Amino acid sequence: MFSSARLGVSRVAFAPLIRDQGNSKFGTGDVERAVVRGMLLAYDTEKRLQKEGLGKPFTLEEWWVEAGPAYFDETVAGVKKASAEAADLIKARGSKPYASGKR
């Protein structure tokens, strides 16, 4: 996410799984849930910093999640959970500015 903002790219594709190397310790949905939730929280922080004049203008238009056919359904379920969790966490943050002295 931060590299995307630094580079100013608006479309990102990401495949966080390591199934090709035979690692199956974590479920694909769990991995995707963690990655997407983190990305959404980071993006919310980025947009709030921009609003306060503390960040370079940047808008993420697309976030592509790559998953093979065998992992598609579990990955989609993870993304849905991540979206709901991130929305709840963002709502709980409130609207207090990050920068001190701002109201």
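The following exchange goes through the folding pattern, the aromatic pairs and the nonpolar core of a predicted model.

Biologist: Which pattern does the protein follow when it is read along the sequence?

Modeller: In this predicted model, the protein has 3 helices and 2 strands. Taken in the order in which they come along the sequence, these elements give the pattern α-β-α-β-α.

Biologist: What share of the contacts between residues at least 6 apart in sequence joins residues at least 24 apart?

Modeller: The C-alpha atoms fill a box of roughly 50 × 30 × 20 Å along the principal axes, and within the protein one can ask how far apart in sequence the contacting residues are. Among contacts between residues at least 6 apart, those that join residues at least 24 apart make up 75%.

Biologist: Why is the pair of Phe14 and Trp63 called tilted?

Modeller: This is one of the 2 aromatic pairs that the structure holds, and the ring centres of Phe14 and Trp63 are 5.8 Å apart. Planes under 30 degrees apart would count as stacked and planes over 60 as edge-to-face. The planes of Phe14 and Trp63 stand at 40°, so the pair is tilted.

Biologist: How many residues apart are Phe14 and Trp63, and which strands hold them?

Modeller: The pair links distant parts of the chain, with Phe14 in strand 1 (residues 11-14) and Trp63 in strand 2 (residues 62-65). Along the sequence, the two are 49 residues apart.

Biologist: Is Phe14 buried, partly exposed or exposed?

Modeller: The relative accessible area of Phe14 is 35%. Buried would require under 20% and exposed over 50%, which means that Phe14 is partly exposed.

Biologist: Are the rings of Tyr43 and Phe58 stacked or edge-to-face?

Modeller: Their centres lie 6.1 Å apart, and the pair links Tyr43 in helix 2 (residues 28-51) to Phe58 in the loop between helix 2 and strand 2, 15 residues apart. Since planes over 60 degrees apart count as edge-to-face, the angle of 85° between these planes makes the pair edge-to-face.

Biologist: Which helix gives the largest share of the largest nonpolar core?

Modeller: Tyr43 and Phe58 are both buried, and both belong to the largest nonpolar core, which has 8 residues, the others being Ala5, Val12, Val36, Met39, Leu60 and Ala82. The largest share of this core is 3 residues, and these come from helix 2.

Biologist: Which residue lies over the face of Tyr98?

Modeller: Here a charged side chain, rather than a second ring, is placed over an aromatic ring. At 4.3 Å from the ring centre of Tyr98, the residue over its face is Arg48.

How values were computed: Residues are numbered from 1 along each chain as its sequence is written. This is a predicted model: local features need pLDDT of at least 70, side-chain atom pairs count only at pLDDT 80 or more; totals for chains, interfaces and linings use all residues. Side-chain values use heavy atoms; hydrogens and water are left out. Rings of Phe, Tyr and Trp (its six-membered ring) pair if their centres lie within 6.5 Å; planes under 30 degrees apart count as stacked, over 60 as edge-to-face and the rest as tilted. Helices (H or I, at least four residues) and strands (E, at least two) are DSSP runs, numbered from the N terminus. Buried means under 20% relative accessible area, exposed over 50%, partly exposed in between (1.4 Å probe, protein chains only). A charge sits over a ring if NZ of Lys or CZ of Arg is within 6 Å of the ring centre and within 35 degrees of the ring normal. A nonpolar core is a set of buried Ala, Val, Leu, Ile, Met, Phe, Trp, Tyr and Cys residues joined through side-chain atoms within 4.5 Å. Contact means heavy atoms within 4.5 Å.
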